[in-house]
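Subject: The structure, with some notes

Hi,

Here is the structure I promised to pass on. Have a look at it first, and then read my notes underneath.

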There are 2 protein chains.
Amino acid sequence: MPSFKAPVADVLFLLTDVLHIDRYGNLPGFAELTPDVMEAVLNEAAKLCEEVLQPLNRIGDRDGCVRHADGQVTTPPGFRNAYKAYCDGGWQGLAVDASYGGQSLPQVMGVAVNEFCVGANMAFTMYPGLTKSAISALLVHGSDEQKRLYAPRMVAGEWSGTMNLTESHCGTDLGMLKTRAAPQADGSYKITGQKIFISAGEHDLTSNIIHLVLARIEGAPAGTKGISLFLVPKVMVHPNGSLGARNAVSCGALEHKMGIHGNATCVMNYDGATGWLVGEAHRGLNAMFVMMNEARIGVAIQGLGLSEVAYQNAAAYAKDRLQGRALTGRKNESGPADPIIVHPDVRRMLLEIRAFNEGARALLLWTTLQADLAGSAEDQKVRQQAEDLLGLMTPVLKGVLTDTGFDNCVTAQQVFGGHGYVAEWGMEQFVRDARIAMIYEGANGIQALDLVGRKLPKDGGRAFAAFTKEVATYIKENAGDEAQKPFLQPLKEGLDRLQQATMWFMANAMGNPDNAGAGSTAYMHLFGLVGMGYMWARIAKAAMGRAGDPAMDTKLAVGRIFMERLMPESAAHLARVTAGAQTMMALPAEAF
Amino acid sequence: MPSFKAPVADVLFLLTDVLHIDRYGNLPGFAELTPDVMEAVLNEAAKLCEEVLQPLNRIGDRDGCVRHADGQVTTPPGFRNAYKAYCDGGWQGLAVDASYGGQSLPQVMGVAVNEFCVGANMAFTMYPGLTKSAISALLVHGSDEQKRLYAPRMVAGEWSGTMNLTESHCGTDLGMLKTRAAPQADGSYKITGQKIFISAGEHDLTSNIIHLVLARIEGAPAGTKGISLFLVPKVMVHPNGSLGARNAVSCGALEHKMGIHGNATCVMNYDGATGWLVGEAHRGLNAMFVMMNEARIGVAIQGLGLSEVAYQNAAAYAKDRLQGRALTGRKNESGPADPIIVHPDVRRMLLEIRAFNEGARALLLWTTLQADLAGSAEDQKVRQQAEDLLGLMTPVLKGVLTDTGFDNCVTAQQVFGGHGYVAEWGMEQFVRDARIAMIYEGANGIQALDLVGRKLPKDGGRAFAAFTKEVATYIKENAGDEAQKPFLQPLKEGLDRLQQATMWFMANAMGNPDNAGAGSTAYMHLFGLVGMGYMWARIAKAAMGRAGDPAMDTKLAVGRIFMERLMPESAAHLARVTAGAQTMMALPAEAF
């Protein structure tokens, strides 16, 4: 059975020593976040994750969700109690405004806690995770009445939320969606159609489920400009919040999936279900993007969370498993063999995962801080730049943390040899669960296109310029410190390659957008390496400031692994970008 | 439901145009292999694979094997009939000497057919695959009586074979194994102990199962030098070959695995089972290595076979699935959207897989030709060099084809978006099945160590020198041809990097073997890139020789993808090799 320990110390170090969260004490939510409060919240979350959520992870995988003949869905044993514990602890509303019953803490705290939860039990965490994103969409685009009626009960965890986009013939290309909405005299709509792959679409954790559904109002224009967003409750809600009759929406089937068996992935049938418009008509994609962008960060967290728990278990196994002898002579003289952690190739696997995890966690928290700043900084210029950086980094985090997070789960599984392939050790579940994160909320190829085709050129490249300026300035300001050189030199090389790749796009993709498409995935990963490399440079500097602490010596070694073994991939990515589209586009489709 | 078409044309092209198999007409087995015979054999194999084995692949995954209360194991529905068809077709003995009932064709034909079978149904193919390797071990190390009694019935597929190495506390480190063998007065041994992870350990396909089992004779030295190999039949065999009583060996349990559900992975209990020594006492590992080396090539084939079938299905889906529009304007004006193959990032995924597959297939067949030459070339020097190259390339093929084959299955699954994650499309099964190949028959980290620690320095580096000389000579001889430059230039860069990495080991690993261990996996992958790059250079040359054939134009484009997008990784691998072990070995175990 795998185990899990929430990385509380690393998050505290990142928030205080690296990101200097105390600088933001003047902003709403941050003022209350004294070091004591921060530590107490993280420890309390860790306790829930380690003691309540983690023990259910394998049960959830094994038993899965069950759909009954009447369309009701039962979650795995223990999930209901765990969900109650989660809601009773106030975790659903941690980063939601107090006026809706939340705790008004910054988003960055919500993200840190979310990573803990995913590491403990990803399938479980998807239920409250989707609710959180649905709340955000409602708070931005919902009417006052919708906010009043739905948000507090969702914040309390009494009701949950979902997002309904995909149909069997369209996922990426939502312009093709067929679900339709017929206006009614009372201002409501009748929603009719079928949605697939709906996470948490039906379950027994809450008394109501609030579906946010994309549909086309009768007579609306074709394509994405004719799509509207609707709120469709599973059970009708009276104006006083009490529950009424069942709405005409039901779960038609559960998907048989590779992993996340503990989460109910539903085919949802809307048979003239009553719904209400959220935001403006025909502007549904815009409204849904609030939910989607937050969910993309949520999915990035899944990649990191599983990579973290996979690392922890592989490291424990490597210290425990006796097999063979060290290349440099016996290390465990009295035992029948040495623990496999004596082998450099085993350390390579562990350290490459860890170097990624700690850099990725820093980049995730840095980006989420931008979300907090974008929402509440006093200076408009600060808000704008934070918004720019958040937009730029969202596809990078989603694509890179899930691609590499999955790879890392595979590598951690490898440490176990044959034992990694059997269910009992739990490693193969991490791999199966992690796989979906590369796909949903926009497959990673779509993230790469979003980065290259939209985020990069947006506002004349303002976001990219802000990012590179920040990194270049950091390198310059610290260039005098010899000790930082092993971090700054590779970072500079990575940054140079990122700028070369960007210039190559500018020179070659205007005339032929396929040149951007062909290099987009490589570019996204190059961007991720530079982003994490920048974080590692800052981590190293902070660690040097606490010399003598063995944990800090470890950080410096792990950071060098990042620079020595992960950053060199940036050169290969640049080569792939500059290879262009010509060779791959030359072939006719029949040649494939 | 996924489909599969055996890559007959590619194999024929490789054997004739690239590897010039007609040069070997003077060798046993090759004389009969006229182009007509070759094509007929491959087409017949393709038919069996496409019509009989492939349709059972998903059933095998879904229904799996069942162990009954009495220890008997039932294979999935249809497997018995398919196995009968396989044996009736003479496929078990395709590359076995006619004196044992085989067809005496070269190994290279057996390997080509094996790839087809794996692409159709990997879990099924493991049953005859293990039998084939067991036959090889018996023919090399068995007594005349053992060969006479067991081999023909195994060649006929009447009986199957297994290899029993792993115990719960030892896999890689076989020196620790505890299964013991007590000598009996009649020359037999009583074998007692428990083996785990035994593929095809028990099943209902054959009337007998011949287990090859590693055990320690009572009083034998500790460690690997005290291990002997035993033949332990499931059912006792009378001298005339008829079956007697049940032996004291039984299946205690089936493992619950991530994939290959159609193959019975057994815990095997030996309770004083009767066995006979194979080869010399205490030299069991040596004897088992014949089986293991052949099995390693067999596992490499699994990586390639699954990568091939995954590619085929992803390519078909990409041509069929309508979603979005091409970046350069509509390609399917009358349809609601363009097929996703218009997108460069989709082509990138497909072409990177295919560039790997075709290069890997060539390298696999080239290496297996060395096995044929090593066994039957007239010139002793040719035999020795072939043996060297086979030994050198075996860990490279096993490690690289399974690591990248798995990655390719993941990439092919990605092409399907959410549909790749659900069972019905079959893509997630390929990923789960492919995962084991990186682990068994020596985890890939062990392959890398075998390459760097044994194969590279063996006989003063003779094998490596032969390989690099062959590649360098090829580059030199073709340097005058401008058309070949896009292939030869990147190959030369790759070869230079491989030589630099090798020299770095020579300079730094003698004093500190951890420097070899830390770079071993990167080195193995670097070696694989150069090996496949060499093959691609030869493929390109052959394709240029058949100008005007659209299939050859496609080959040239796919080969350029290899050079533009896969080969650049060689630089990153070199950087990892030369990073050395210092940083990763500096940390104490507690720091992990």
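Below is what I found, taken chain by chain.

Please keep in mind that this is a predicted model.

Chain A first. UniProt, in an unreviewed entry, places the feature "domain: Acyl-CoA dehydrogenase/oxidase N-terminal" at residues 76–158 of chain A. In the model, that span is 67% helix and 0% strand, and the C-alpha atoms at its two ends lie 19 Å apart.

Further along chain A there is a nonpolar patch on the surface, of about 390 Å². Met503(A), Met506(A) and Met510(A) make it up. Of these, Met506(A) sits in helix H14, which covers residues 485–508 of chain A. Is Met506(A) buried or exposed? Its relative accessibility is 54%, so Met506(A) counts as exposed, the cut-off for that being over 50%.

Now to chain B, where strand E4 (residues 180–183) is a good place to start. E4(B) pairs with strand E5 (residues 189–199) of chain B in the antiparallel sense, over 4 bridges. Within this pairing, Ala181(B) stands opposite Ile191(B) of E5(B). The two strands form a hairpin with 5 residues between them, and Gly187(B), in the turn, has a positive phi of about 95 degrees.

E4(B) is also joined to strand E6 (residues 208–217) of chain B. Here the strands run parallel, with 2 bridges between them. Arg180(B) has Arg216(B) in E6(B) as its bridge partner.

Happy to go through any of this together.

Best wishes

Notes. Residues are numbered from 1 along each chain as its sequence is written. Chains are lettered from A and ligands numbered from 1 in the order in which they are written. This is a predicted model: local features need pLDDT of at least 70, side-chain atom pairs count only at pLDDT 80 or more; totals for chains, interfaces and linings use all residues. Side-chain values use heavy atoms; hydrogens and water are left out. Patches are made of residues with over 30% relative accessible area and no salt bridge: like charges are joined within 9 Å, nonpolar side chains (Val, Leu, Ile, Met, Phe, Trp, Tyr) within 5 Å. Accessible areas come from the Shrake-Rupley method with a 1.4 Å probe; for residues, only the protein chains shown count as cover. A salt bridge is a side-chain nitrogen of Lys or Arg within 4 Å of a carboxyl oxygen of Asp or Glu. Buried means under 20% relative accessible area, exposed over 50%, partly exposed in between (1.4 Å probe, protein chains only). UniProt positions are given in the numbering used here, feature names are shortened, and annotations may be inferred rather than shown by experiment. Two strands pair if DSSP finds at least two bridges between them.
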